[in-house]
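Please look through the structure shown here with the paragraphs below beside it, taking one region at a time and finding each residue as it is named.

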Amino acid sequence: MPSTYTDLIADVRKRTKQVSLEELKRRLDAREKVTLVDVREKDEWRAGYIPGAVSIPRGYLEMQAEQKLPDKNAPIVAYCAGGTRSALAAATLQELGYMHVETANPGFVRWKDLNYPIESPPELTDAQRERYSRHILLPEVGEAGQVRLLKSRMLLLGAGGLGSPAIMYLAAAGVGTIGIVDADVVDASNLQRQIVHATSRVGTAKVDSAATTVAELNPDVKVVPHKERLTSANVERLFDDYDVIVDGTDNFPTRYLVNDASVFMGKPVVHGSIFRFDGQATTFMPESAAKKLGVAAGPCYRCLYPEPPPPHLAPSCQEAGVLGILCGIIGTIQATEAIKIVLGKGSTLAGRLLTYDSLQMKFRELKLRRSPECPVCGPKPSITSYIDYEGFCAVG
Ligand SMILES: [Zn+2]
């Protein structure tokens with residue numbers, strides 16, 4: 001019995017037949033009958049494998065061999081990344097009664113370096129290829145981009161005027177996980193603009209109503225309902241799971257809370273707001289998020305407005321009128337930004353405020369600059385924990 005790992009490997013190499021990659025390629029090109037067994041772990045397999053290979057991670061070899069390799073007389077070549085695991089696997093297969101087992105030496109890493117053909121498991125189903133075909137046709141999205149969208153996680157603050165169109169387009173686009181933070185129920189006066197809801201769902205929770213619409217629109221999307229108000233106590237828990245925050249709330253306490261969490265946690269926030277016939281949107285891209293995504297950083301909200309105005313100077317708490325359609329324009333701009341952030345394509349609104357005047361049908365752009373004196377994202381921050389601002393009213 002070998003007593004050390006080195007002895008064991010030496011013993012196994014003596015007992016198993018090795019085949020070079022050149023020889024293996026020759027046999028595959030000549031369509032010789034050979035069963036390739038990839039004994040690497042599943043995540044290695046997903047990154048690519050030799051075409052035609054059967055995946056049996058080494059830890060499952062004894063359990064799965066009989067089912068996946070029914071013919072014990074068939075010629076088998078096992079491979080792994082470098083040739084060691086496959087040698088051990090080949091020895092195991094021999095012990096299980098397989099008669100013609102060889103091990104590739106070295107393994108897949110070298111196979112890839114030699115530019116020999118490799119295959120990747122399909123990440124999209126046929127139904128998904130069909131559903132997202134107009135995305136896939138765009139070289140900037142493609143299958144890889146669609147897979148990124150399906151794996152992405154976005155948190156929508158509010159299923160109201162801005163959240164409604166954003167949720168619907170993000171769901172249609174195949175954003176895999178959409179979290180929605182909203183504690184309200186659907187009111188009849190919401191339906192003039194909050195298109196994710198429906199007349200039949202007046203009185204039901206907005207998160208549930210939105211989830212119903214999304215389920216009907218795209219079964220690929222998982223909606224995570226957060227039936228609660230955003231506070232300093234739950235903001236980190238809520239943000240933690242998501243890549244991008246889409247902010248459709250419009251009140252001072254939330255705006256500062258979202259901003260500070262964005263900076264502290266390094267989360268990009270796509271901001272939108274509306275008033276009467278006017279809307280605006282921008283993207284807050286904190287430095288750590290920008291670095292991770294390889295994009296330009298921008299100012300935070302406190303770079304522009306270090307502190308909220310005193311409550312008596314804040315805009316009136318009276319319900320303001322709003323042209324319903326305006327929500328569609330601004331909310332879909334926010335959704336577009338969120339999609340671009342996930343895809344890593346184009347330029348975001350970081351450092352730019354886009355304003356829209358629907359009466360004059362004019363878009364304008366204002367430059368926003370980082371402030372070296374910013375109390376939260378500047379070099380000497382004076383704000384390092386969350387502040388609950390009180391005395392403001394929520395407008396939706
Ligand atoms: Zn700042």
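In this predicted model, V269 touches I245, D247, V258, S262, T282, T283 and F284, when residues up to four places away in sequence are not counted. V269 itself lies in strand β10, which covers residues 269-275, and because its relative accessible area is 2%, under the 20% limit, V269 is classed as buried. A distance along the chain can be set beside a distance in space: V269 and N251 are 18 residues apart in sequence, and their C-alpha atoms are 15 Å apart.

Another buried residue to look for is D260, whose place is in helix α13, residues 252-265. D260 counts as buried because its relative accessibility is 1%, again under 20%. Leaving out residues up to four places away in sequence, D260 touches R302, V376, I383 and Y386.

From single residues we can turn to the nonpolar cores. Which residues of the largest nonpolar core touch the most other members? Of its 33 residues, they are M154, L156, I167, L170, I178 and I180. The elements that give two or more residues to this core are the strands β6 (153-157), β7 (177-181) and β9 (244-247), together with the helices α10, α11, α14 (287-293) and α16 (324-343). Among these elements, α16 gives the most to the core, with 6 residues. A second, separate core has 19 residues, including V224, I245, L257 and V269, so that V269, with which the walk began, appears here again.

L170, one of the residues that touch the most other members of the largest core, deserves a look of its own. Leaving aside its neighbours within four places in sequence, L170 is in contact with M154, L156, V175, I178, A335, A338 and I339.

The packing of helix α10 can be followed next, on two partners in turn. Helix α10 (residues 163-173) and helix α11 (residues 206-217) pack at an angle of about 30°, with their axes 9 Å apart. Because angles under 35 degrees count as roughly parallel, α10 is described as roughly parallel to α11. In this pair, α10 passes α11 in a right-handed crossing, and the contact is made by I167, M168, A171 and A172 of α10 and by A210, T213, V214 and L217 of α11. Sorted by class, the residues of this contact are 7 nonpolar, 1 polar and no charged.

The second partner is α16, which packs with α10 at an angle of about 40°, their axes being 8 Å apart. The two helices α10 and α16 are therefore oblique to each other. Here too the crossing of α10 past α16 is right-handed. On the α10 side the contact involves P165, A166, Y169, L170 and A173, which meet C327, G328, G331, T332, A335, A338 and I339 in α16. The residues of this contact divide into 9 nonpolar, 3 polar and no charged.

A further helix pair completes the tour. The axes of helix α4 (residues 61-68) and helix α5 (residues 84-95) come within 11 Å and cross at roughly 65°, and the crossing of α4 and α5 is right-handed. The contact is made by L61, E62 and A65 of α4 and by A89, T92 and L93 of α5, and by class the contact of α4 with α5 has 4 nonpolar, 1 polar and 1 charged residues.

Methods: Residues numbered from 1 in each chain as written. Predicted model: local features only at pLDDT ≥ 70, side-chain atom pairs only at ≥ 80, totals over all residues. Heavy atoms only, no water. Axes fitted to C-alpha atoms, helices over the stretch in contact; angles between N-to-C directions. Helix = DSSP H or I, 4+ residues; strand = E, 2+ residues; numbered from the N terminus. Parallel < 35°, antiparallel > 145°, perpendicular 65-115°, else oblique. Left-handed = near helix turned anticlockwise from the far one by under 90°. Contact = heavy atoms within 4.5 Å. Nonpolar A, V, L, I, M, F, W, Y, C, P; charged D, E, K, R; others polar. Core = buried A, V, L, I, M, F, W, Y, C linked by side-chain atoms within 4.5 Å. Buried < 20%, exposed > 50% of the residue type's maximum accessible area, 1.4 Å probe, protein only.
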